[in-house]
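Thanks for coming. I will go through one protein chain, a few places at a time, and you can follow along on the screen.

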Amino acid sequence: MTSPLPASYSRISGTGSFLPPQRVTNADLAAQLGAKGVETSDDWIVARTGIRARHFAAPDMPCSDLAVEASRQALASAGIDASQIDLIILATSTPDMVFPSTACIVQRKLGIQGCAAFDVQAVCSGFVYALTVADSMIRTGAARKALVIGAEVFSRILDFTDRTTCVLFGDGAGAVVLEASDTPGLLATELHADGRYAEILCTPGAMSGGQVMGLPFLKMDGQAVFKLAVGVLEDVARSVLDKAGRTEADIDWLIPHQANIRIMHGTAKKLKLSLDKLVVTVDEHGNTSAASIPLALDVAVRAGSVKRGDTVMLEGVGGGFTWGAVLLDF
Ligand code: UT7
């Protein structure tokens, strides 16, 4: 493998996504939960979150399978072969195994070897983190063609007796090919974390002595997360716009993490963006954590909404507490 050269920019050359076939509507979920004595309703879920359905992976489908499907689509849309990829970064909080990384498993399933492959763990901000790291590596010359993936099987860590969390999340994967480019491309990136808030959104279980110690299910203080999310999403969007020398008026599409339509509308309003510039998939996907942004991007690209040359703001927020944004010309 020849040593790559530093690049002026990185640019998304292809997108892909995958949703497992099982689509579960709010009504389906309410019926399943009701059978266990857990009360919820389509009305409550739609009104509080905007979610109407989510997809759940079959028990024998690991995170890497979803990631590989999304990656194959991204490679096809970039018009390149997997063998040309020289970096794989995969964002997930629901990996196939404790180790090796799901990125290494994806590399094997794609039939390639040798290139760097690693996972990024920043929960729902994971894709924005992964894209930022890939951008840095391309611009320093450590890689020229990266596969950047967000993939999750959150259904595996949901407590289906806890209605405050289990109605919110779904499974899926999204991927992009990020390539070295003489023209933008990614314009500005910014990442943040505040570990003081680790407990407000976490899955506290840990492996010890061959057993899971502590709770292996997701738990969340929804209102605390909501309040923090609304503030940081506005701040980080303004900050990357400043860095890129752009303003809100330059944004063609806002693709925030898809967790709650109320947070997304609030962010768009604070940035003075009309709601038709907001890409929304939370209604059909639920919250797919690290997968939500690349999934939404791919849906919008395939629908013909996001087009070459459009300026797109990607924004992640979630457990850690973590947040970040990427501004790019598509
Ligand atoms: O992915 C990382 C980012 N995550 C997020 O951004 C999530 C942020 N948080 C949220 O989206 C919202 O806080 C939730 C959707 C999680 C909750 O919405 P909320 O408007 O904050 O509702 P709440 O927690 O204040 O609960 C209101 C009521 C409560 O009942 P009481 O105490 O008023 O009687 C809950 O017990 O709604 C009840 N409730 C439900 N009722 C029916 C909570 N979950 C459900 C449910 N079905 N599934």
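With which side chain does the side chain of D135 make a polar contact? The partner is the side chain of S10, at 2.7 Å. Before I go further, please keep in mind that this is a predicted model.

Let me stay with D135. The residue lies in helix α5, which covers residues 126-140. Is D135 buried or exposed? D135 is buried, because its relative accessible area is 3%, and the cut-off for buried is under 20%. Leaving out residues up to four places away in sequence, D135 touches S10, L178, L186 and T189. D135 also has a charged partner: its side chain and that of R139 meet in a salt bridge, 3.1 Å from N to O. As a reminder, side chains of opposite charge can pair when their charged atoms come close. Where is R139 relative to D135 in the helix? The two are 4 residues apart in α5, so about one helical turn separates them. In general, an α-helix has 3.6 residues a turn, so residues three or four places apart point the same way. R139 itself is partly exposed, at 37% relative accessibility. So this salt bridge joins a buried residue, D135, to a partly exposed one, R139.

Now the other salt bridges. How many are there by the rule used here? The count comes to 11. One of them joins E284 and R23, with 2.9 Å from N to O. This pair links distant parts of the chain, since E284 is in helix α9, R23 is in strand β2, and their positions lie 261 residues apart in sequence. Both ends are partly exposed: E284 has a relative accessible area of 30%, and R23 is at 41%.

Another salt bridge is formed by the side chains of D329 and R246, at 3.0 Å from N to O. D329 lies in strand β15 and R246 in the loop between α7 and β13, so the pair ties together parts that are 83 residues apart in sequence. Here D329 counts as buried at 15% relative accessibility, while R246 is partly exposed at 23%. There is also a network of salt bridges, and it links E234, R238, E248 and K270.

Next, helix α1, residues 26-34. Which of its residues are buried? N26, L29, A30 and L33 are. Why do these residues line one face of the helix? Seen down the axis of α1, they fall within an arc of 100 degrees, so they sit along one face. The elements that cover them include strands β2 and β3 and helices α2 and α6.

Let me move to the loop between β4 and α4. T94 is found there, and so are F99 and P100. T94 counts as buried because its relative accessibility is 5%. Its side chain reaches the backbone nitrogen of V153 at 2.8 Å. Apart from neighbours within four places in sequence, T94 is in contact with C63, A151, E152, V153, F154 and I157.

F99, in that loop, is exposed, with a relative accessible area of 68%. Together with V98, M207 and V212, F99 forms a nonpolar patch on the surface, and the four have about 480 Å² of accessible area together. The peptide bond from F99 to P100 is cis, with omega near 5 degrees.

That brings me to backbone geometry. Most residues other than glycine have a negative phi, and most peptide bonds are trans. A further cis bond runs from G320 to F321, with omega near -5 degrees. F321 has its place in the loop between β14 and β15.

Which residues have a positive phi without being glycine? V123 is one of them, with phi near 50 degrees, in the loop between β5 and α5. K272 is another, with phi near 55 degrees. K272 lies in the loop between α8 and α9 and counts as exposed at 67% relative accessibility.

To finish, back to D135 for one distance. D135 and W253 are 118 residues apart in sequence and 20 Å apart in space, C-alpha to C-alpha. That is all I have.

Technical notes. Residues are numbered from 1 along each chain as its sequence is written. This is a predicted model: local features need pLDDT of at least 70, side-chain atom pairs count only at pLDDT 80 or more; totals for chains, interfaces and linings use all residues. Side-chain values use heavy atoms; hydrogens and water are left out. Buried means under 20% relative accessible area, exposed over 50%, partly exposed in between (1.4 Å probe, protein chains only). A polar contact is a pair of N or O atoms within 3.5 Å; within protein, one must be able to donate a hydrogen and the other to accept it, and residues adjacent in sequence count only if both atoms are side-chain atoms. Contact means heavy atoms within 4.5 Å. Patches are made of residues with over 30% relative accessible area and no salt bridge: like charges are joined within 9 Å, nonpolar side chains (Val, Leu, Ile, Met, Phe, Trp, Tyr) within 5 Å. Accessible areas come from the Shrake-Rupley method with a 1.4 Å probe; for residues, only the protein chains shown count as cover. The arc is that of the directions from the helix axis to the C-beta atoms.
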